[in-house]
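Here is a short tour for anyone who likes to start from a metal site and work outwards. Have the viewer open and follow along.

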Amino acid sequence: MVRSVYLVVMGVALALLAACQPPAQLLVEKANVQLSPVTDNPSVLYFTIRGGPEDTVLRSITSPSILRLEMHETVEENGMSMMKPITAVAVPKRGKVEFAPGGKHVMVWGVDEGAKKAGKAQFVFSFSNGDKIAVDAKLNAIKPEDGMAH
Ligand SMILES: [Cu+2]
(Lines give C-alpha, C1' and ligand atoms only; values in the text may rest on other atoms or scores of the structure.)
Protein backbone atom coordinates (compact mmCIF):
# COMPACT_ATOMS: atom_id res chain seq x y z
CA MET A 1 0.00 0.00 0.00
CA VAL A 2 2.69 2.48 1.04
CA ARG A 3 4.74 1.40 -1.94
CA SER A 4 1.94 1.96 -4.45
CA VAL A 5 1.21 5.43 -3.02
CA TYR A 6 4.91 6.18 -3.39
CA LEU A 7 4.82 5.08 -7.03
CA VAL A 8 1.78 7.26 -7.74
CA VAL A 9 3.50 10.26 -6.13
CA MET A 10 6.59 9.57 -8.23
CA GLY A 11 4.44 9.34 -11.35
CA VAL A 12 2.75 12.67 -10.63
CA ALA A 13 6.13 14.29 -9.92
CA LEU A 14 7.52 13.05 -13.24
CA ALA A 15 4.43 14.24 -15.11
CA LEU A 16 4.81 17.67 -13.48
CA LEU A 17 8.48 17.78 -14.45
CA ALA A 18 7.57 17.00 -18.05
CA ALA A 19 4.87 19.68 -18.01
CA CYS A 20 7.36 22.24 -16.71
CA GLN A 21 9.54 21.89 -19.80
CA PRO A 22 9.02 25.25 -21.50
CA PRO A 23 7.53 24.87 -24.95
CA ALA A 24 10.09 25.68 -27.62
CA GLN A 25 8.94 29.02 -28.96
CA LEU A 26 11.05 31.47 -30.88
CA LEU A 27 11.19 34.69 -28.89
CA VAL A 28 13.24 37.80 -28.21
CA GLU A 29 13.71 38.92 -24.64
CA LYS A 30 15.68 41.43 -22.53
CA ALA A 31 15.81 43.95 -25.39
CA ASN A 32 17.40 47.19 -24.23
CA VAL A 33 19.17 50.13 -25.81
CA GLN A 34 22.10 51.87 -24.16
CA LEU A 35 21.67 55.43 -25.37
CA SER A 36 24.85 57.29 -26.16
CA PRO A 37 25.14 60.51 -24.13
CA VAL A 38 26.63 62.17 -27.23
CA THR A 39 23.90 62.93 -29.80
CA ASP A 40 25.86 61.99 -32.93
CA ASN A 41 27.46 58.87 -31.49
CA PRO A 42 25.74 55.50 -32.04
CA SER A 43 23.76 53.84 -29.28
CA VAL A 44 23.74 50.05 -28.84
CA LEU A 45 20.91 47.50 -28.77
CA TYR A 46 21.29 44.27 -26.77
CA PHE A 47 18.86 41.32 -26.46
CA THR A 48 18.57 37.56 -26.14
CA ILE A 49 16.93 35.25 -28.69
CA ARG A 50 15.41 31.94 -27.57
CA GLY A 51 15.33 29.33 -30.31
CA GLY A 52 12.02 27.77 -31.32
CA PRO A 53 11.11 24.19 -32.37
CA GLU A 54 13.27 24.47 -35.50
CA ASP A 55 16.56 26.04 -36.58
CA THR A 56 16.19 29.49 -38.06
CA VAL A 57 18.25 32.55 -38.97
CA LEU A 58 17.88 36.15 -37.81
CA ARG A 59 17.85 38.13 -41.05
CA SER A 60 17.14 41.70 -40.09
CA ILE A 61 16.06 44.11 -37.40
CA THR A 62 14.03 47.22 -38.12
CA SER A 63 12.46 49.95 -36.03
CA PRO A 64 10.12 52.82 -36.94
CA SER A 65 11.90 54.94 -34.29
CA ILE A 66 15.44 54.43 -35.52
CA LEU A 67 17.16 55.99 -38.54
CA ARG A 68 19.73 53.23 -39.09
CA LEU A 69 20.57 49.85 -37.55
CA GLU A 70 23.57 47.63 -38.15
CA MET A 71 24.31 44.19 -36.69
CA HIS A 72 27.91 43.87 -35.53
CA GLU A 73 30.15 41.34 -33.89
CA THR A 74 33.17 42.21 -31.81
CA VAL A 75 36.05 39.90 -32.72
CA GLU A 76 39.68 39.54 -31.73
CA GLU A 77 42.06 39.92 -34.65
CA ASN A 78 45.85 39.92 -34.16
CA GLY A 79 45.26 40.68 -30.51
CA MET A 80 43.10 43.67 -31.37
CA SER A 81 39.42 43.95 -30.60
CA MET A 82 37.41 45.15 -33.58
CA MET A 83 33.82 45.25 -34.84
CA LYS A 84 32.62 43.55 -38.00
CA PRO A 85 29.21 43.94 -39.64
CA ILE A 86 27.15 40.73 -39.73
CA THR A 87 24.06 40.17 -41.85
CA ALA A 88 22.63 36.91 -40.56
CA VAL A 89 22.76 35.08 -37.24
CA ALA A 90 21.92 31.39 -36.88
CA VAL A 91 19.44 30.61 -34.11
CA PRO A 92 19.56 26.87 -33.30
CA LYS A 93 16.35 25.16 -32.22
CA ARG A 94 15.84 25.50 -28.46
CA GLY A 95 19.14 27.40 -28.41
CA LYS A 96 20.03 30.78 -27.01
CA VAL A 97 21.73 33.62 -28.88
CA GLU A 98 22.88 36.58 -26.87
CA PHE A 99 23.62 40.05 -28.17
CA ALA A 100 25.67 41.38 -25.27
CA PRO A 101 28.61 43.68 -24.50
CA GLY A 102 31.87 42.30 -25.97
CA GLY A 103 30.08 40.14 -28.54
CA LYS A 104 27.23 40.55 -30.98
CA HIS A 105 25.40 43.87 -30.79
CA VAL A 106 23.35 46.24 -32.91
CA MET A 107 24.58 49.75 -33.58
CA VAL A 108 21.77 52.28 -33.46
CA TRP A 109 21.88 55.68 -35.17
CA GLY A 110 19.20 58.35 -34.94
CA VAL A 111 16.77 57.46 -32.14
CA ASP A 112 13.76 59.71 -32.57
CA GLU A 113 12.85 62.16 -29.84
CA GLY A 114 9.39 60.66 -29.28
CA ALA A 115 10.92 57.28 -28.44
CA LYS A 116 13.45 58.94 -26.14
CA LYS A 117 10.62 60.71 -24.28
CA ALA A 118 8.65 57.44 -24.03
CA GLY A 119 11.78 55.64 -22.84
CA LYS A 120 11.19 52.77 -25.25
CA ALA A 121 11.29 51.87 -28.93
CA GLN A 122 9.76 49.02 -30.89
CA PHE A 123 12.02 46.70 -32.86
CA VAL A 124 10.88 44.05 -35.34
CA PHE A 125 13.07 40.97 -35.70
CA SER A 126 12.68 39.06 -39.00
CA PHE A 127 13.67 35.41 -39.27
CA SER A 128 14.27 33.10 -42.23
CA ASN A 129 11.29 30.92 -41.27
CA GLY A 130 8.97 33.88 -41.87
CA ASP A 131 8.49 34.80 -38.22
CA LYS A 132 8.46 38.47 -37.39
CA ILE A 133 8.71 39.31 -33.71
CA ALA A 134 8.01 42.81 -32.42
CA VAL A 135 9.39 43.78 -29.03
CA ASP A 136 9.64 47.00 -27.06
CA ALA A 137 13.19 47.77 -25.98
CA LYS A 138 13.79 49.96 -22.96
CA LEU A 139 15.97 52.97 -23.74
CA ASN A 140 18.52 53.40 -20.98
CA ALA A 141 20.21 56.75 -20.74
CA ILE A 142 23.90 56.52 -19.97
CA LYS A 143 24.81 59.55 -17.91
CA PRO A 144 27.98 61.30 -19.07
CA GLU A 145 29.38 61.05 -15.52
CA ASP A 146 29.04 57.23 -15.65
CA GLY A 147 31.58 57.20 -18.43
CA MET A 148 34.01 59.35 -16.48
CA ALA A 149 34.65 57.47 -13.27
CA HIS A 150 37.15 59.45 -11.32
CU1 LIG B 1 29.43 47.87 -33.38
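Let us begin with the sequence: the residues that donate to the copper ion follow the spacing H-x10-M-x21-H-x1-M. One pair of them, His72 and Met83, links distant parts of the chain: His72 belongs to strand 4 (residues 66–77) and Met83 to strand 5 (residues 80–85), 11 residues apart. Please keep in mind that this is a predicted model.

**The copper site**

Which atoms hold the copper ion? The protein donors are ND1 of His72, SD of Met83, NE2 of His105 and SD of Met107, and they lie 2.1 to 2.3 Å from the ion. The angles among the four donor atoms run from 91 to 125°. The site counts as tetrahedral because all of these angles fall between 85 and 135 degrees.

Is His72 buried or exposed? His72 has a relative accessible area of 7%, so it is buried, the cut-off being under 20%. Met83, in contrast, reaches 41% relative accessibility and is therefore partly exposed, since that class lies between the 20% and 50% limits.

**The strands around the site**

Strand 4, the home of His72, has pairing partners that include strand 5 and strand 8 (residues 104–111). The two pairings can be set side by side:

| Strand pair | Sense | Bridges | Residues standing opposite |
|---|---|---|---|
| Strand 4 and strand 5 | antiparallel | six bridges | His72 and Pro85 |
| Strand 4 and strand 8 | antiparallel | seven bridges | Glu73 and Lys104 |

What connects strand 4 to strand 5? The two strands form a hairpin with two residues between them. In that turn, Asn78 has a positive phi of about 50°. If you are checking backbone torsions, Asn78 is one residue to look up.

The donor His72 thus takes part in two ways: its ND1 atom faces the copper ion as a donor, and the residue stands opposite Pro85 of strand 5.

**The chain as a whole**

Stepping back, the chain contains two helices and 10 strands. Along the sequence, these elements follow the pattern α-β-β-β-β-β-β-β-β-α-β-β. Of its 150 residues, 31% count as buried, and His72 is a buried residue too. The exposed area of the chain is about 9700 Å², with 58% of it supplied by carbon and sulfur atoms.

How do the contacts spread along the sequence? Among contacts with a separation of 6 or more, 64% are between residues 24 or more positions apart.

Key. Residues are numbered from 1 along each chain as its sequence is written. This is a predicted model: local features need pLDDT of at least 70, side-chain atom pairs count only at pLDDT 80 or more; totals for chains, interfaces and linings use all residues. Side-chain values use heavy atoms; hydrogens and water are left out. Donors are N, O and S atoms within 2.8 Å of the metal (3.2 Å for Na, K and Ca); water is not among the atoms, so sites may look incomplete. Four donors count as tetrahedral if all angles lie between 85 and 135 degrees; four count as square planar and six as octahedral if opposite donors are over 155 degrees apart and all others between 65 and 115; anything else is irregular. Helices (H or I, at least four residues) and strands (E, at least two) are DSSP runs, numbered from the N terminus. Buried means under 20% relative accessible area, exposed over 50%, partly exposed in between (1.4 Å probe, protein chains only). Contact means heavy atoms within 4.5 Å. Accessible areas come from the Shrake-Rupley method with a 1.4 Å probe; for residues, only the protein chains shown count as cover. Two strands pair if DSSP finds at least two bridges between them.
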